[in-house]
2 protein chains.
Amino acid sequence: MVGTTATILTTISFVPQAYQVIKTKDTSGISLGMYIAFVLGVFLWIIHGIKIQDMNLIGANAITFVFASIILTYKIKYK
Amino acid sequence: MVGTTATILTTISFVPQAYQVIKTKDTSGISLGMYIAFVLGVFLWIIHGIKIQDMNLIGANAITFVFASIILTYKIKYK
């Protein structure tokens, strides 16, 4: 239960950030280094999830990957 | 190996973001909603780690908690 809530919170947390950058195109305070490392790390979590066949791990990280990638794309485009 | 690299990348990714907000105090592009949800989620990950006695989970999330909390504090202070 605590683990589930933790997963939901850390997964959906990137939604308001993605929404904000799409809406405002303001990425000045956002760290490029953070999102390069983070998107790569989340991608590796998906690979790890596939290897150990953990659907929850794959699903949560796939959602995070989509939103973190949007943020990274906007950061590169509107820096 | 993939899991370890994934853990390291997603954990350390918040270091450049924390460094940037401390240095520039520019948090305009950063989403308050993201960091409220994220810091709370990471805190619950630590609780979950304590419950299942997983030191790697506790350690990685404790590091993330410190840096994400710094970012959240700066976002509240310099919004």
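This passage describes the confidence, symmetry, nonpolar cores and aromatic pairs of a predicted model. Local features are reported at pLDDT of at least 70 and side-chain atom pairs only at pLDDT 80 or more, while totals for chains, interfaces and linings use all residues; side-chain values rest on heavy atoms, with hydrogens and water left out. Residues are numbered from 1 along each chain as its sequence is written, and chains are lettered from A.

Chain A has an average pLDDT (the predictor's confidence in each residue, from 0 to 100) of 96, and 100% of its residues score at least 70. The model has an ipTM of 0.92 and a pTM of 0.94.

A turn of 180° with a shift of 0.0 Å along the axis lays chain A on chain B with an RMSD of 0.0 Å, the copies being superposed by least squares on C-alpha atoms of residues with pLDDT of at least 70 in both. This is the relation of a two-fold axis. G29(A) comes closest to the rotation axis of the residues of chain A, its C-alpha lying at 2.4 Å. Of the interface residues of chain A, 100% are also interface residues in chain B, so the copies meet through the same surface.

The largest nonpolar core (buried Ala, Val, Leu, Ile, Met, Phe, Trp, Tyr and Cys residues joined through side-chain atoms within 4.5 Å) has 24 residues. Buried means under 20% relative accessible area, with a 1.4 Å probe and protein chains only; exposed means over 50%, and partly exposed lies in between. F14(A), Y35(A), F14(B) and Y35(B) have the most contacts inside this core. Helices α2 (14-24), α3 (32-51) and α4 (55-77) of chain A and the helices α2 (14-24), α3 (32-51) and α4 (55-77) of chain B each supply at least two of its residues; helices are DSSP runs (H or I, at least four residues), numbered from the N terminus. A second, separate core of seven residues includes L57(A), V2(B), A6(B) and L9(B).

Aromatic pairs (ring centres of Phe, Tyr and Trp, the last by its six-membered ring, within 6.5 Å; planes under 30 degrees apart stacked, over 60 edge-to-face, the rest tilted) number 10 over all chains. One of them, F14(B) with F38(B), is stacked, at 4.7 Å centre to centre and 25° between the planes. F14(B) lies in helix α2 of chain B and F38(B) in helix α3 of chain B, so the pair ties together parts 24 residues apart in sequence. Both F14(B) and F38(B) are buried.

Notes
Contact means heavy atoms within 4.5 Å.
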